[in-house]
Amino acid sequence: MDGRSWLGLVLLGSVWGSSFFFFEIALETLGPLTVALGRVVVATLMLGVILAVIRTPVPLTVRFWGSIAMMGLLNNAIPFALIAQAQTEIDSGLAAILNATTPVFSVVVASLLVRQEVLTSNRVLGVTLGFAGVVTLIGPDTLSPVGVSPTAQALVLLGALSYASAGVFARAFLTKHPFLVSSFGQVTTAALWLLPLALVLERPWHASPTAETWGAVIAIGTLGTALAYPLYFLLLRRIGATNLMLVTLINPVVAVILGVFVLGESLAWTTFAGMALILVGLLAVDGRLVRRLRGTTDTSS
């Protein structure tokens, strides 16, 4: 990957990493399905206004909306709902660790279904190191099974698998469309998937959201969704599904930094060790580190 791709990946990881912070605030007074629905509704409205202002048409073909509906299901509705529900039973640290398995799933799924996404040793090594860094960053004790719901953990893993599958699916069907159009279609269909579930299962009209709740939902919908997904589709076209999923290894780093500067949490030695492992893992996937160690000029990554 080139420098601009890395910059985009770090930016996307930073935005999505901050979403964990806002998500915790929103869940204090709203149900998980309602928070997920609010997130995509805010993004739909924002992207719709942008498309109207710049006068960009949205395709009305069955092929486009059929593909985008599947993307909205795999990349938004399923993982948003599953991970949100899981976080009502497990803490954000464990959820972040389990969500960081997304690159592992992506490597496997992409190598099986996409000819261009070759399963190289660089990627296997990089994903392994990156996941080890996430575990170290959050703290190995977080993985203790004592008092932790196995069902909730399974929900996060299913969400990670859905994210990985969405990246592979989008690379195959949606890279020809403008980034704003794909993003708008994705969040719009995700809202349609989530709306009946939230209305029937949670009855959000009974909730009493605070000003902080509304602010958190708006922040997630704008920064973490409406502004993030155009960048997601741009990077998907540039670097592929497997490399793109490395963003889930960056998210916990941002979450830790926010915890230090916003919540006043302290840094342990495991924080620095974890960040170092994640950095080495990302370099390994990039391929340059491995090539230098081997003293070769092989460009596969």
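In the predicted model, Tyr232 is a buried residue, with a relative accessibility of 1%. Its neighbour in the numbering, Phe233, is likewise classed as buried, at a relative accessible area of 3%.

The chain to which these residues belong has 301 residues, of which 52% are buried. Its secondary structure comprises 13 helices and zero strands. Read from the N terminus, the order of elements is accordingly α-α-α-α-α-α-α-α-α-α-α-α-α.

Aromatic contacts were examined across the whole structure, and five aromatic pairs were found. One of them joins Phe64 and Trp65, whose ring centres are 5.3 Å apart; the planes of these rings meet at 85 degrees, and because an angle over 60 degrees counts as edge-to-face, the pair is assigned to that class. The two partners differ in exposure class: Phe64 is buried, with a relative accessible area of 3%, whereas Trp65 is partly exposed, at 25%. A further pair is formed by Tyr232 and Phe233, with ring centres 5.3 Å apart and planes at 90 degrees, so this pair is also edge-to-face. Both of its members are buried, Tyr232 at 1% relative accessibility and Phe233 at 3%. Tyr232 and Phe233 moreover take part in a cluster, in which ring pairs link them with Trp16 and Tyr229.

A contact between a charged side chain and an aromatic ring involves Arg39 and Phe80. Arg39 is placed over the face of the Phe80 ring, at a distance of 4.0 Å from the ring centre.

Helix H3 spans residues 62-86 and contains Ser67. Ser67 is buried, its relative accessible area being 12%, a value that falls under the 20% limit and therefore places the residue in the buried class. A polar atom of the Ser67 side chain lies 3.0 Å from the backbone oxygen of Arg63.

At the surface, a nonpolar patch of about 610 Å² is made by Leu195, Leu197, Leu199, Val200, Leu201 and Trp205. Among these residues, Leu201 belongs to helix H8, which covers residues 179-201. Leu201 has a relative accessibility of 61% and is therefore counted as exposed, since the exposed class begins over 50%.

Terms used. Residues are numbered from 1 along each chain as its sequence is written. This is a predicted model: local features need pLDDT of at least 70, side-chain atom pairs count only at pLDDT 80 or more; totals for chains, interfaces and linings use all residues. Side-chain values use heavy atoms; hydrogens and water are left out. Rings of Phe, Tyr and Trp (its six-membered ring) pair if their centres lie within 6.5 Å; planes under 30 degrees apart count as stacked, over 60 as edge-to-face and the rest as tilted. Buried means under 20% relative accessible area, exposed over 50%, partly exposed in between (1.4 Å probe, protein chains only). A charge sits over a ring if NZ of Lys or CZ of Arg is within 6 Å of the ring centre and within 35 degrees of the ring normal. Patches are made of residues with over 30% relative accessible area and no salt bridge: like charges are joined within 9 Å, nonpolar side chains (Val, Leu, Ile, Met, Phe, Trp, Tyr) within 5 Å. Accessible areas come from the Shrake-Rupley method with a 1.4 Å probe; for residues, only the protein chains shown count as cover. A salt bridge is a side-chain nitrogen of Lys or Arg within 4 Å of a carboxyl oxygen of Asp or Glu. Helices (H or I, at least four residues) and strands (E, at least two) are DSSP runs, numbered from the N terminus. A polar contact is a pair of N or O atoms within 3.5 Å; within protein, one must be able to donate a hydrogen and the other to accept it, and residues adjacent in sequence count only if both atoms are side-chain atoms.
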